[in-house]
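Reader: Could you take me on a close look at one part of this assembly, the middle chain and what it touches? I would like a connected account that I can follow with the model open on my screen.

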Amino acid sequence: MLLIACPYCGNRPETEFRCGGQAHIARPTDPGALSDEQWAQHLFVRSNPRGVHAERWNHVHGCGRWFNARRDTVSDRFIETYKMGETPKSQDSNSTLSTSTQAEARA
Amino acid sequence: MAQPFRLSRGGRIDRTRPVRFTFNGRTVEGFHGDSVASALLANGIHLVGRSFKYHRPRGILSHGPDEPSALLSVDRGPGRIDPNNRASVVEARDGLKTLSQNHWPSLEHDIGAVNDLLSPVFVAGFYYKTFMWPRKFWDKVYEPFIRAAAGLGKAPAVADPDRYANRHAHCDVLVVGAGPAGLSAALAAARTGKRVILADEGPEPGGALLHDVTAEIDGRPAAEWLSATLAELDSRENVILLPRTTAFGYYNHNHVALAERVTDHLPSPGTAPRERLWQVRAGEVVLAGGSHERPLVFADNDRPGILLAESVRVFVNRYGVAPGRRIVFATSGASAYAAALDAKAAGLAVTLVDLRTESECGPELARLKAAGVEVLTGHTVIGAKGTKRVTGLIVAPVDRAGRCGAHRVLECDCVGMSGGWTPAVHLFSQSRGKLAYDERLDAFLPGTSAQAERSAGASKGTYDLAACLQEGFAAGAAAAGSDERKSFTASPTLTGFKPVRAMPTDADPTKVRAFVDFQNDVTAKDIKLAVREGFHSIEHVKRYTTTGMATDQGKTSNMNALGIVAGQLDKTLPGVGTTTFRPPYTPVTFGTLVGPARHALFDPIRTTPIHEWAEEHGALFENVALWRRAWYFPKSGEDLHAAVARECEAVRKGVGIFDASTLGKIEVVGPDAAEFMNRIYVNPWLKLEVGRCRYGLMLKEDGYILDDGVVARIAPDCFHVTTTTGGAPRVLAHMEDYLQTEWPDLKVFLTSTTEQWAVIALQGPKARAVIAPLVDGIDLSPEAFPHMAMRQGTICGVPTRLFRVSFTGELGFEINVPSDHARAVWEAIWEAGQQHGITPYGTETMHVLRAEKGYIIIGQETDGTVTPDDVGLAGMIAKAKKDFVGKRSLARPDVVATGRKQLVGLVTDDPKLVLDEGAQIVDDPAQPIPMRMLGHVTSSYWSPNCGRSIAMALVADGRALQGGPLHVTTPEGFARVTVVDPVFFDPKGERIHA
Amino acid sequence: MLEALYRTARALPLGRAPASDPARSGIVIQPAGAEARFALRVRDAGASAAGLPLDGPINSVRGNDRRWIARLGPDEWLIGSDESEADHLPSAIAADLGERAHSIVDVSHRNVGIDVSGPLAAVALNAGCPLDLGDAAFPPGSATRTLLGKAEIVLIRHPGGAPRYRVECWRSFATYVHALLAEAAIGAGSTEQAVRR
């Protein structure tokens, strides 16, 4: 069970959360102006990296807030969680070959 | 004399407290503190089971959780029968019944033992090779055979009567294992004041200190250090010491699962739980789980009476039991010398055979010789004599080239073997840490950590007592954020061994049965065969031969198996790698995992305020999501069909009362509420007047219907939204998501009021007459209060939001009242309705009545791939709106394409035939198979008001097929139906406006 | 007739049971009486409304047993009070919030309260609640939405030294939550002493 740092509540167990898939996909302001291909891209196409992935999480059984997280899909380590609308501080560390571990983070 | 193999002194057993249990019906006497294994051995019982595949006689190999052979069924009373308990970890107590497994008719005389004679047949991959052909044999021959042979022990036949507990716990430092390293770690961590949990699988903390009777720590007996340490840990409020508790799973982010065995060792558990699952979230973890001794691989090394050398030492020292009177120790390392010394000191006849040459041995050799023990260095073990009990060990000198000299038989009734040690890296491996091979120790050790953990002691390959204590202390301190160190002095531990995969032998290797994995009956020959047949990856060898699988998880077998594979492939051990260790470390009962989540606590059973009234009035219930809803109200003698027919008729002709409290409700409030509604629903909301209702339809962004429900405007900035019963949480989450992440600028707030308001639906021509005398402050006349209006006032003095809406097609009201008053209001309406023949109805009648009107139900007519147009609701869409969730998708090519399935009504040629919901539909039943399926039946009922069966269906281009015939599958063949409009009753909708 | 009883005749799903210690384990479980509760949502709330502080940290509770306000999120509060305050409290809050966009929804009948107290109260709660309820992580005055087994709850730890908790759940979950707590009390009591030996 993951331990997830809600930006509002701090560390909470995974069972209090719901994952909302890839983050930073803004709904187009005028969907009607998009071609079928562009709309399909927006609706269906998501990345699935081996490494750092930006995800949406909802602290549904807590403060109820949606927030974003950057998680390493290999180690399950959360590099950062941040509120909706904020930009992540760790943008530079998006290597897909990340071997970062909790133990390293501690060191 | 009882307990003929009990030594006259020694051991940590309490000789003043005898215990009696049975083994295969025979009474066995032991002492408090015995394990079942030690008590059996005290009584000279070595034969305790038959092996899994070959039904070979098996005894007790080990004293601990790595025991692969002595697997017993333990019967603690009715419903309390557990198969596959390791005799070495079950505590002996009064009243226990233990039974051996895997034999018929008896342990002594087992027909299945013929498998052993047929062993050339049961080679590696036997199942894959044998049960291939002929295909027709599969059902009648192979499957019954496999099912009969599969599994070990019998599953209990009745429900488990025990209670199981669950506990979430947090600590700064979790220490796994209370041997010298773990105790030292816990001590160091505890002294910092941090929260410490120390878990040990044994009944008594101490690990190796419990049987190392000669060791000294800091100048005093180790046992004294142990009691002082435990006393200090006990006295600290910040320490939780958990005996009988196995850390069995290491999950993400230092989430470690422990199984605590609370009461199995007690003669009467009372109301206390049998076991408790601890879900520990630890800041740091110290793994001090010790190590496992390796068996030696030689012919017939599985005979009862052949134990691991250290286990012999444990039985002698900790339990005061002689596993035999004449013991031969066979070893390739130093630790067995300590066991031999202790056995000798206990007065037993001892001989030691060491594969190592004299020059390869350390100081242990001289010590043992000085004690007067015969030591044969440079000797291999060729095999064992005896079948149901070892009677002798065949040994021979062996030279550097592996050539064996003259055989010699050492007569004995017990063998203690040691092929060296394997650190227990299971939890480390589960934590996703990377193992690193250490050639000096011939072991995989914890390498790169993936989580906040560290290992100490034997689990890290540190075997010397003083080093374990120091390493443990440092690990505990560091885990608690302190850099304190402490040095210990202790008696030096005899360590070091020469790795050996299979003992050199001059026997024909194809005729030798030298076991590597005792639990799964895998021999050295099987592993070699697998490699020859092309299984070169260790993960493939594991699965093909089953070595290291099941509960063993490689504890005793892993290194020998790896070594044999490496030898066959001419690779190094790290070149072969190791298999993945999986949780659980040792078997865990289902009860522990389930905890209290059984019966009424399995899932919340949600009931409405009207539930008890419905029970009192004979309702039967159905599950809808977590809710339990009244299904129908049979009068005496009525079945479902009769009751629903009566209820349906009552609503159309008089008045029915229905509990709609489970409908989801959301209060949408804020200055931008109408704009928000406009974006979420397909319908227009800006111009909806206060006090008016609208049927709302909601899509996902992909254009498919998500949910529906009636919405009332309470105030310009407030909407009372209703959702389907099952959709309530989904819809609220959907709305919150858009509000927070896409439109944070909108000033709107959402609050679930599902359970604030109970809903009493009153439906039928006489509905108005029933409530008229009860309602205050609302003009109920059709002119003042038309269909799809909402008024606030009081009913029976209780504030109400009164909706004039209908899901039946009749005049109807949905009376929202605060939940705690709902039953009183319901009963008042019930009283007032008596003169009008008021009839309670349930969900079944509700379904029939709405189907008569062609109203859809989300999840029945829709399945997540249905658009508004598919179900004929395109008219709901506000065309003028530039955007709403899902709008763009309604123009997607596959949504506007022809051939989509559309909602239609179906009537059968035979009016009495009620179609199956889900039945497939074709146009030509004579077409060749596979037929082209046009769609399926979504709803189907007997309609009392239509006097015939009715059905709704989704059919490709269905609306164009109106009036035409189709064919629907039934259990008896195809039924001919006609496509009709899905509104079967009152098609003009006049009754609703009455 | 019902009218007169409107405020007093609430049929509570757990009834009005007396305090009980079903397992004699020092864990006292008592369904709360009929109380008023309001869900308050407002952004940029300011310091207080109707005397209720709005500037407390997220996941804290202020007030006393008869009138409390728990901040569950950045713009969300759960307010509890005596029934007698139910009629005027929302309007008083609204008046103080003035033009600020907000929502006050009566959830008195949605929520059910269960009080859990006694030295081992946290142990019983931890049978189903995955949070760290230690003094450092969840001190007196803490309040949060979380889980108890398979039910969502709001967990409040009353201010003061003695361990006193309020579990708030939705009405239809009350039977489950109450039964789970009772079971937890049995599972916690006898063995907690064994744990401490």
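Author: Happy to; what follows starts with the contacts of chain B, goes into its interior, and then turns to chains A and C. Please keep in mind that this is a predicted model.

Let us begin with chain C as the partner. Here 48 residues of chain B are in contact with 39 residues of chain C. On the side of chain B, the elements that each supply at least two residues are β8 (164–176), β12 (239–242), β34 (664–669), β38 (749–752) and α22 (822–833). Of these, β8(B) gives the most, with six residues. Sorted by class, this side of chain B has 22 nonpolar, 14 polar and 12 charged residues.

Now turn to chain A. This contact takes 24 residues from chain B and 22 residues from chain A. On the chain B side, helix α20 (residues 728–742) brings the largest share, six residues. The class make-up of that side is five nonpolar, eight polar and 11 charged residues.

From the surfaces we can step inside chain B. The largest nonpolar core has 111 residues, and the members that touch the most others are Val668(B), Ile760(B), Leu762(B), Val825(B) and Ile829(B). This core lies between domain 5 (631–850) and domain 6 (898–994) of chain B, because both of them give residues to it. As a general background, nonpolar side chains tend to be buried together in soluble globular proteins. If you centre your view on Ile829(B) and leave aside its neighbours within four places in sequence, you will find it in contact with Ile657(B), Ile760(B), Leu762(B), Val770(B), Ile771(B) and Leu774(B). Apart from this core lies another, of 101 residues, with Phe315(B), Tyr319(B), Ile382(B) and Val531(B) among them.

Val350(B) is a good residue to pause on. You can pick it out in strand β19 (residues 349–354) of chain B. Is Val350(B) buried or exposed? With 27 other C-beta atoms within 10 Å, Val350(B) is buried, because 20 or more is the cut-off for that label. Leaving aside neighbours within four places in sequence, its contacts are Ile327(B), Phe329(B), Ala340(B), Ala343(B), Lys344(B) and Val373(B). For a distance to check on screen, take Val350(B) and Ala339(B): they are 11 residues apart in sequence, and their C-alpha atoms are 10.0 Å apart in space.

Further along chain B comes helix α13 (residues 538–545), in which Ile538(B), Val541(B), Lys542(B), Tyr544(B) and Thr545(B) are buried. These buried residues pack against β30 (522–523), α12 (524–532), α14 (558–569) and α15 (573–576) of chain B. Just after α13(B), Thr546(B) takes a positive phi of about 70°.

With chain B in view, let us go back to its partner chain A. Chain A has two helices and six strands, and from the N terminus on its elements run β-β-β-α-β-β-β-α. Buried residues make up 31% of its 107 residues. Among contacts in chain A between residues at least 6 apart in sequence, 55% join residues at least 24 apart.

Four of the strands of chain A form an open sheet in the order β3-β4-β5-β6, with antiparallel pairing. Its edge strands are β3 (18–22) and β6 (78–83), each pairing on one side only. On average, and ignoring direction, neighbouring strands of this sheet are turned by 30° against each other. For a detail, follow β3(A) to strand β4 (residues 52–58) of chain A: three bridges join the two, which run antiparallel. Cys19(A) has Trp57(A) in β4(A) as its bridge partner.

Last comes chain C, which is divided into domain 1 (19–34 + 110–197) and domain 2 (35–107). Taken over C-alpha atoms, 24 Å separate the centres of these two domains. Their contact takes 14 residues from domain 1 and 11 residues from domain 2 of chain C. On the domain 1 side, β9 (111–117), β10 (143–148) and β11 (151–157) of chain C give two or more residues each, and β10(C) gives the most, with three residues. By class, that side has five nonpolar, seven polar and two charged residues.

Notes
Residues numbered from 1 in each chain as written. Chains lettered and ligands numbered in written order. Predicted model: local features only at pLDDT ≥ 70, side-chain atom pairs only at ≥ 80, totals over all residues. Contact = placed C-beta atoms within 7 Å. Nonpolar A, V, L, I, M, F, W, Y, C, P; charged D, E, K, R; others polar. Core = buried A, V, L, I, M, F, W, Y, C linked by C-beta atoms within 7 Å. Buried ≥ 20, exposed ≤ 12 C-beta atoms within 10 Å, placed from the backbone. Domains from an automatic or database assignment. Pairing = 2+ DSSP bridges. Axes fitted to C-alpha atoms, helices over the stretch in contact; angles between N-to-C directions.
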